[in-house]
Amino acid sequence: MAISVKVMQRKNQEISYLRAALKGMALTFSHLKRPSVTMQYPEETKTEDWKLPERWRGTHRMLTDEQGRAKCVACGLCPQICPANCIKLVPGEDEEGHRYPLVYEIDEFRCVFCGYCQEVCPEEAIHVGQHYENAEYSRDRFVYDLERLCAQTHPVSTLWDPSDARGE
Amino acid sequence: MSEELVKLTIEGVEVSVPRGTTVIEAAKEAGINIPHYCYHKGLPIAGVCRMCLVQIEGAPKLQISCATEVAEGQVVRVFGEEESKARSSVLEFLLINHPLDCPICDQSGECELQDFTFDERQGQSRYNDFPKRYDPAEQFGDDVMFVANRCILCTRCVRFMDHAAEEPVLNVSERGDRAFIGMHPDAELNHPWAGNVVDLCPVGSLISKDFLHKARVWELDHTDSICTGCSQGCNIHIDTREELVVRLRPRANEDVNKFFMCDEGRSNYRWLNSGDRIEAPLVAEGGSLVASGWDHALARVAQIVKGSTGDAVVLASGKSSNESLFFLRELFGEFDLKAHFRNFTVDGELPLSGVEGLALREERIPNGTGARQLGYDDSFNGVSNASIFLILGDDLEGITPEMLSGAKNFIYVGTTLPEAARNADVVLPATTVAEEDGTYVNRDNRVQRFSQARTAPGMGRPAWWAFAEVLKELGRGDAVDTAAEAFDAMASNVGAFNGMSYSTLGKNGQKLAESSAGVSK
């Protein structure tokens, strides 16, 4: 038995694609007039209404004193607190009898960027930084020595202060 | 101090202590540590720091517990409002001149000022205008450095030099707020026991140049041990950091060394970190020593012992433990054995004159008494016509290969391989005093335990273990797994040690039975 098929009869304006195409194009072209939300990374790294948060914890930076020496006194608290065990420190003494780090190395690959080193530092020497662009040609370049840590120029992170939770 | 007991109440805890005890000591009996700086049990009482103030019921004002004797029915309060406030004020005054340099201070982590300040939870100073300041560091002696800024003038160092060392080179110079610890202008702090002022100093004012910047205290592991420097047998802590011995410090034992140790012993730790160690058993094959395994090497020793008869000569180091010396004797039980140990003597004792019975002794080995008890003597002068010759330990200075050549078989058990031992048939890697558990007997016949502080490099094992394994191989004994078992085996075989075990020795040791103590000199 043949199946009887009922063919719907519709008006031309309902089955024409022209109307839908024009509607779509209208939406597309309307975007030309709207403000752009795309950030042109890497040419642009921050915009009017977006920048890296203050509390961003990225690769480290060692702050220096007026003479350009690292502020670190090699107290040993950062390797002690580091949960990833990525800080190597050998203390020594300079000509004036000041304690300073003979060796200070941070393995940025091993680091988990918790920021404990900055929090524990009594001299405000080691900081995590507002920095995230890290590319190198070899893996060992990710072990930052003291010279390299001191040479970093990016802004340092502001750690969360529980007494000022909103950063005001 | 009479034996009459006095009953008193400290913070609600009733304690009975002998008459004449100070309140601060009685409080320790009650489990309360009253904060203190100038007071030290091994020194005369000064009462200058005023930190140990307590309330004694009936007394018109607060008393310093270090200089107050107990009395019957006394009621002492330590943590009440008034005395806590007084102590916290004293602490605040002490902190006026104390620099906030804990991050670079070597004492940090074992500093009493730091600990009590932390307990007081006094985070901020109300005074930071004109703290007194001196030269950052002054050299007091060969190993002692003085950081005047950190000093809280407790005078423990002055009293140690006056009353214990009896060489008064330190004093309190100037007065009042200008006071500082001064040294005699023509003297140096180089008394053979001067290093103790570093331990006595409650803050980081007197510090050891040897330990300076080497490690932070909280990275260290402390192991109870015995000094190997002389026959006095001072109780010590071996402080290790990641398997390296970084310093030795005295451990309190009222019966042996009180609270002190000499500088000679204190600096005698570098050999424990020696890098030229034998790491595997070596067996002579085709004229040279070849690295081997324990099974093969022990089988070789067993073969030598089995195939020989007649004379055997052993030469043990004066640092060998009783356990090793005992099992060594057992190993050659069926031979005509000549047992010797290496003795080193230096003319003249270096006493700590203010403390009775404490000196750096002439006999510069730790276990001469133990060796004599176990039938060893120190009259070695060469080997001739022996079937087996065995050396235990490395102390071979003054011994030439010719002196060792008169034996058919030569076994060497030690930690390094000196020239004289290169023609041995078997070399077994042993452990140092820091790498094994064991006991020594000091000159007063006191048997004292030492414990393992670091792991032995490579395949090194304690000598008693190796000898017990050979005995097992020969079918003359069971395996001995621990030093405690080795000691028990010795205690049941050697009269002088009868009835002793590691648990009866404890931390302070135990004297040999009186009747059997005649062998030693």
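Before you click on anything, here is a term you'll need: a residue is buried when its relative accessible area is under 20%, exposed when over 50%, and partly exposed in between, using a 1.4 Å probe and protein chains only. The model is predicted, so local features need pLDDT of at least 70 and side-chain atom pairs count only at pLDDT 80 or more, while totals for chains, interfaces and linings use all residues. Residues are numbered from 1 along each chain as its sequence is written, chains are lettered from A and ligands numbered from 1 in the order in which they are written, and side-chain values use heavy atoms, with hydrogens and water left out.

**Stop 1: chain B as a whole**

Select chain B and zoom out. Its C-alpha atoms fill a box of roughly 85 × 50 × 40 Å along the principal axes. Of its 521 residues, 56% count as buried. Switch to cartoon view and you'll be looking at twelve helices and 25 strands; these are DSSP runs numbered from the N terminus, with helices being H or I of at least four residues and strands E of at least two.

How do the contacts spread along the sequence? Among contacts (heavy atoms within 4.5 Å) between residues at least 6 apart in chain B, 62% join residues at least 24 apart. Turn on the surface if you like: the accessible area of chain B is about 22500 Å², and 47% of that belongs to carbon and sulfur atoms. Areas here come from the Shrake-Rupley method with a 1.4 Å probe, and for residues only the protein chains shown count as cover.

**Stop 2: helix α10 of chain B**

Now pick residues 463-473 of chain B, which make up helix α10. How many of its eleven residues are buried? Nine are, so this helix is mostly covered. Among them are B:Trp464, B:Trp465 and B:Phe467. Show the neighbors too: the buried residues of α10(B) pack against several elements of chain B, including α7, α8 (322-331), β20 (386-392) and α11 (483-493). Just past the helix, look for B:Gly475, with a positive phi near 75°.

While you're here, add B:Asp295, found in helix α7 (residues 294-306) of chain B. B:Asp295 is exposed, at 66% relative accessible area. Draw a C-alpha to C-alpha line from B:Asp295 to B:Glu473: the two are 178 residues apart in sequence and 9.9 Å apart in space.

**Stop 3: helix α3 of chain B**

Next, select residues 112-120 of chain B, helix α3, where the buried residues are B:Leu113, B:Phe116 and B:Thr117. Look straight down the axis of α3(B): these buried residues fall within an arc of 105°, so they line one face of the helix. (The arc is that of the directions from the helix axis to the C-beta atoms.) On the other side, B:Phe118 and B:Asp119 are exposed. What covers the buried residues of α3(B)? The cover includes α2 (81-96) of chain B. After the helix comes B:Arg121, with a positive phi near 55°.

**Stop 4: salt bridges**

Side chains of opposite charge can pair when their charged atoms come close. The count here uses a side-chain nitrogen of Lys or Arg within 4 Å of a carboxyl oxygen of Asp or Glu, and the whole structure has 33 salt bridges over all chains.

Start with A:Arg99 and B:Asp106, whose closest N and O atoms are 3.7 Å apart. This pair crosses between chains, from strand β3 (residues 99-107) of chain A to the loop between α2 and α3 of chain B. Are these two residues buried or exposed? A:Arg99 is buried, and so is B:Asp106.

Then go to B:Arg476 and B:Glu334, a salt bridge with its closest N and O atoms 3.7 Å apart. The pair links distant parts of the chain, 142 residues apart. B:Arg476 is partly exposed at 31% relative accessibility, whereas B:Glu334 is exposed at 63%.

**Stop 5: cysteines**

A disulfide is a covalent bond between the sulfur atoms of two cysteines. With a cut-off of 2.5 Å between the sulfur atoms, the count over all chains is zero. Select A:Cys150: the nearest cysteine sulfur, that of A:Cys72, is 8.9 Å away. A:Cys150 is partly exposed, at 24% relative accessibility. For B:Cys227, the nearest cysteine sulfur belongs to B:Cys234, 6.0 Å away, and B:Cys227 is buried at 9% relative accessibility.
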